[in-house]
Amino acid sequence: CGAGFAGLTFRLAMQRLGVGCDVFDLAPALARADTDEGIVLPSNATKILSDLGMSHTLRGATKLETWDIFGSDDKRIGGADLAAVSAEGDFLSLRSTELIKALLKECSRDASGAAIRMAAGVVGIEVNAAEGVNVNFKGGSLPPRSYDVVVGADGVGSKVRELGWGAVGQGHNAGIVSARFP
């Protein structure tokens, strides 16, 4: 799986269960300051992160009360009272690099020998009943490896999804709405 929010959270969940989980990501590095942006964690995400022992990271987040949606003319066209729609907990906002760094710190406590490898994009997968799933990496960055399971937590344009099930159509930004969290 990739080394973004979903991949690292999956790895941490497996780690908590005592299962080793290698992570491979095409990007050369993580948590770059030039890609930092605010992210919104809905209540189900904050619950999962808390259950995985990440409450200390969430304490520094900003609690969101409302969500406003604006059209391209900057007029409000909708929104929600976030406190009213969530029975599970709070909607929170924090910087993307804060969450990635905290997940990496927790994942680094893995004693199974599993690794997080950057600049190692998956370019081929092949299911073999006797060996499991064989994975090949971009440009021979790593030798091929075999796994029992491969999880494609590698983003919207998932290469793993494409390799396993074919290309998925991409959306596009029509430039007509924006969401604002005060």
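Which residue in S10 is the bridge partner of Val133? Keep that question in mind while setting up the view, and remember throughout that the model on screen is a predicted one.

**First stop: the sheet of S8, S9 and S10**

Select residues 122–128, which make up strand S8, then residues 132–137 for strand S9, and finally residues 145–147 for strand S10. Together these form an open sheet of 3 strands, in the order S8-S9-S10 and with antiparallel pairing. S8 and S10 stand at the edges and have a single partner strand each, so one side of either strand is left without a neighbour in the sheet. Turning the view to look across the strands should bring out the twist, which averages 25° from one strand to the next.

Now follow the chain from S8 into S9, where a hairpin of 3 connecting residues joins the two strands. They run antiparallel and are joined by 6 bridges, and one place to look is Gly124, which stands opposite Asn136 in S9. On the other side of the pairing scheme, S9 and S10 are held in the antiparallel sense over 3 bridges. Selecting Val133 answers the opening question, since its bridge partner in S10 is Tyr147, while Val135 stands opposite Arg145 in S10.

Before leaving this sheet, colour S9 by accessibility: the strand is mostly covered, with 5 of its 6 residues buried. Then select Ile125, which is found in strand S8. Is Ile125 buried, partly exposed or exposed? Its relative accessible area is 26%, and because buried means under 20% and exposed over 50%, Ile125 counts as partly exposed. A distance label drawn from Ile125 to Phe137, C-alpha to C-alpha, should read 9.2 Å, for two residues that are 12 apart in sequence.

**Second stop: the largest pocket**

Display the pocket surface next, where about 760 Å³ of space lies in the largest pocket. Its lining comprises 39 residues, and those nearest the centre are Cys1, Gly2, Phe24, Val151 and Ala153. By class, the lining residues divide into 25 nonpolar, 8 polar and 6 charged. Strands S8 and S9 from the previous stop reappear here, for they, together with helix H1 (5–16) and helix H6 (159–165), each supply at least two residues of the lining. The greatest contribution is that of H1, with 5 residues.

**Third stop: the largest nonpolar core**

Keep H1 selected, and add strand S2 (38–41), strand S6 (91–95) and helix H5 (96–107); these are the elements that give two or more residues to the largest nonpolar core. This core has 22 residues, and the members that touch the most others are Leu41, Leu49, Leu99 and Leu103. Its largest share, 5 residues, comes from H5. As a general background, nonpolar side chains tend to be buried together in soluble globular proteins.

**Last stop: the sheet of S2, S6 and S3**

With S2 and S6 still shown, add strand S3 at residues 62–64 to complete another open sheet of 3 strands, ordered S2-S6-S3 and paired in the antiparallel sense. Here S2 and S3 stand at the edges with a single partner strand each, so that one side of each is left without a neighbour in the sheet. Neighbouring strands of this sheet are turned by 35° against each other on average, direction ignored. To finish, look between S3 and S6, which pair in the antiparallel sense over 3 bridges, and select Leu64, which stands opposite Phe91 in S6.

Technical notes:
Residues numbered from 1 in each chain as written. Predicted model: local features only at pLDDT ≥ 70, side-chain atom pairs only at ≥ 80, totals over all residues. Heavy atoms only, no water. Pairing = 2+ DSSP bridges. Helix = DSSP H or I, 4+ residues; strand = E, 2+ residues; numbered from the N terminus. Axes fitted to C-alpha atoms, helices over the stretch in contact; angles between N-to-C directions. 1 Å grid on protein atoms, 1.4 Å probe; cavity = no way out; pocket = protein on both sides within 12 Å on 5 of 7 lines; lining within 4 Å. Points joined across faces, edges and corners; volume = space filled by probe spheres on them. Nonpolar A, V, L, I, M, F, W, Y, C, P; charged D, E, K, R; others polar. Core = buried A, V, L, I, M, F, W, Y, C linked by side-chain atoms within 4.5 Å. Buried < 20%, exposed > 50% of the residue type's maximum accessible area, 1.4 Å probe, protein only.
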